[in-house]
Structures are given as structure tokens and as C-alpha cells.
Amino acid sequence: MYSSFRKYLKTHRPKSETSSGQHFVECDNCETEAAQYFCKSCPGHLCENCKTEHEAKRLTQDHVVVLLSKYKSDPFVCQESKKGKCACTIKKSLTKEREEIITHWVPFLEKMQEEEEMKNTLLFMKVGAVKTEIEGHFDQIIEKFTNLKEETIRIFEEENDNATDAINRTILEIKENTRKLEDRRNEISYILEGDDEDVKKNMCMKIKEEKLTPKRFSFEVEDFCPGNLENNIVQQIFGKRPAISSHETGPHNRFVTLVSSKLEKIGIKSPK
């Protein structure tokens, strides 16, 4: 584009005395003014006015234009293009992103992973401790209920034994009184067969009626009335159930860090 345009200008431009003696780089576009800029996309030298026109045209508005002084000092250095399509700009951005990944994000995520693994360890330990506590509490409940059952049955059996002993004593007393009455009956039969004097003499030996009837007791077995075993009652006896709650934490968990340091003091290292 510029080569054909330059040929046209050189053919139709009148010769000037300054052409041979100039000490500056002329603009490759107008070929009259001193160049102050360099277009790396064309490439070509541009003066101030041509640079403005160059950046205004649709075909060249994305070209990378740098100061000529900077281009001369380092031809590989370029400024950012308007739409960021310069390879140098992209490389700088990628280099910066890589450094951020290495120096920030990878250590940051590794620390976060370490904290999550520590959460697993703490969760496992805490759940194990709570399960042990539940089992111990349940064993205590079973022990208390077992003791209550055995004590209740023991007392009930003692009462049964006492009642049975009382009934048996009454039975023995009845048998003894029956035997005495049998003896008295035989004695009376013998007296009646004898003389009248003997009858009068033995009338005073009559057995007292109040001694014939033993003391008797009535016994009544009261029914067992089980307590209420509804879930809310059983839950009240057993206690409040444990639970695992959750809430969102920040990038770093201070609790995990604190517990981790305490665990390390007692010889438990955090997972890596």
C-alpha cells in the first residue's frame, strides 16, 4: 500500500533542495513532514498529522503505532493497541497471569485444600467422640432401666414370698386347730361313755372358740402399669440428638488454623 503511494508522490512531487540535505526521517505517507511515529503493523514512518489520519481510518485503526524514538531504542518494544490484539500485550498479560497462578492462586488453593482436609479430620474425630458419648449415655440408660427392672422384680418376689408364707402359716394353724378338735372330739366321745361324774369334771376343759379361728389376711396383686413410651417421652429421657450444622466460611478458616495448631502441640499433625 505504502510502496505504491510513495512511488506516486515521488513521480508528481516537485524537487526540493531540502530533499538531499535533510537530517530527519520523513513521513512515509506524506513524504514531506518529519516522522515522529512508527507503525509496526504496516510498517512505516508517520508524522503527527498522518498518524491521526492513520488511526482514524477503519482499515488501519487497530494498527500498533509507537513513538519513533522508542522504536529506535528497542524495535521490539511496542505500546498496547486499542483493542489489545498486540502479541506483546497478550504475552505480558499471560506472563502476569502465570505469575499470579504461581505466587498466589496455587498456594492459596493448596492452603484451602489443607484446611478442608483438616475439617475432615476434625469432623471424623468429633463425630467419633459424640458417638462414644451417645453409646455411653445409652449404656447408662440401659443399666438404670435394667437395675430398675431387677429391683422391681426382686421387691415383687419378696412380697410374694411374704404373702405365701403368711398363707402357709394360716394353713398350718388351721390344720393344727383341726387336729386339736379331732382330739377333743375323741375325748368327748370317751367321756360320754363314762360315768356322770367324769362328764362334769371334763366340761371345764372345753377348747376356747377364739383359739380355733386363726388370723387370716387377704392379698391382692396389683397390675403392672407401664409408663408412657411415646417418642417424645423416650427422646426426653435419651436427650437431644446431636447434629452437624454448616455455614459458609471465608477463604481462610481461623477455627481450623487454631485447632490445627493445638493438635500439633499434642502430637497430631494436620494432613498434607
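Modeller: Two residues are in contact, or touch, when they have heavy atoms within 4.5 Å. By that rule Lys51 touches Tyr37, Leu46 and Val65, leaving aside residues up to four places away in sequence. This is a predicted model, in which local features need pLDDT of at least 70 and side-chain atom pairs count only at pLDDT 80 or more, while totals for chains, interfaces and linings use all residues. Residues are numbered from 1 along each chain as its sequence is written, and side-chain values use heavy atoms, with hydrogens and water left out.

Biologist: Why does Lys51 count as buried?

Modeller: Buried means under 20% relative accessible area, exposed over 50%, and partly exposed in between (1.4 Å probe, protein chains only). Lys51 has 15% relative accessibility, so it counts as buried. The residue sits in helix 3; helices (H or I, at least four residues) and strands (E, at least two) are DSSP runs numbered from the N terminus.

Biologist: Why is Glu26 called partly exposed, and Glu31 buried?

Modeller: Glu26 has a relative accessible area of 21%, so it is partly exposed. Glu31 has 2%, and is therefore buried. Glu26 belongs to the loop between helix 2 and strand 1, and Glu31 is found in the loop between helix 2 (18-21) and strand 1. Glu31 also has a phi near 60°, a positive value in a residue other than glycine. From Glu26 to Gln36, 10 residues along the chain, the C-alpha atoms are 8.8 Å apart.

Biologist: What makes Tyr37 buried, and which residues does Tyr37 touch?

Modeller: Its relative accessibility is 13%, so Tyr37 counts as buried. Tyr37 lies in strand 1. Not counting residues up to four places away in sequence, Tyr37 touches ten listed residues, among them Gly44, Cys47, Lys51, Val65 and Leu68. Tyr37 and Cys47 are 10 residues apart in sequence, with 6.2 Å between their C-alpha atoms.

Biologist: What makes up the largest nonpolar core?

Modeller: A nonpolar core is a set of buried Ala, Val, Leu, Ile, Met, Phe, Trp, Tyr and Cys residues joined through side-chain atoms within 4.5 Å. Here the largest has 7 residues: Cys27, Tyr37, Cys39, Leu46, Cys47, Cys50 and Val65. Cys27 touches residues including Thr32, His45, Leu46, Cys47 and Cys50, residues up to four places away in sequence not counted. Another core, of 5 residues, lies apart from it and includes Ala35, Phe38, Val64 and Leu68.

Biologist: Why are strand 2 and strand 3 each left with one side without a neighbour in the sheet?

Modeller: Two strands pair if DSSP finds at least two bridges between them. The open sheet has 3 strands in the order 2-1-3, with antiparallel pairing. Strand 2 (44-46) and strand 3 (65-67) stand at the edges with a single partner strand each, so each has one side without a neighbour. The twist averages 35° from one strand to the next.

Biologist: What makes strand 1 and strand 3 a pair?

Modeller: Strand 1 (residues 37-39) has 3 bridges to strand 3, in the antiparallel sense, and two would be enough. Phe38 has Val66 in strand 3 as its bridge partner.

Biologist: How does helix 3 lie on the strands?

Modeller: Helix 3 (residues 48-56) lies across strand 1, strand 2 and strand 3, at about 115° to strand 2. Axes are lines fitted to C-alpha atoms, for helices over the stretch in contact, and angles between N-to-C directions run from 0 to 180 degrees.

Biologist: What makes the bond between Cys42 and Pro43 notable in the model?

Modeller: The peptide bond joining Cys42 and Pro43 is cis, with omega about -10°. Pro43 is in the loop between strand 1 and strand 2.

Biologist: What span is expected of helix 5, and where is its kink centred?

Modeller: The expected span is 1.5 Å times one less than the number of residues. Helix 5 (residues 87-192) has 106 residues, and its 151 Å from first C-alpha to last is close to the 158 Å expected. A kink of about 45° is centred on Ile101; the bend at a residue is the angle between axes fitted to the seven residues ending there and the seven starting there. Buried residues of helix 5 include Phe108, Met118, Leu122, Asn177 and Arg184.

Biologist: What share of the protein chain counts as buried?

Modeller: Of its 272 residues, 17% do. The protein chain has 8 helices and 3 strands.
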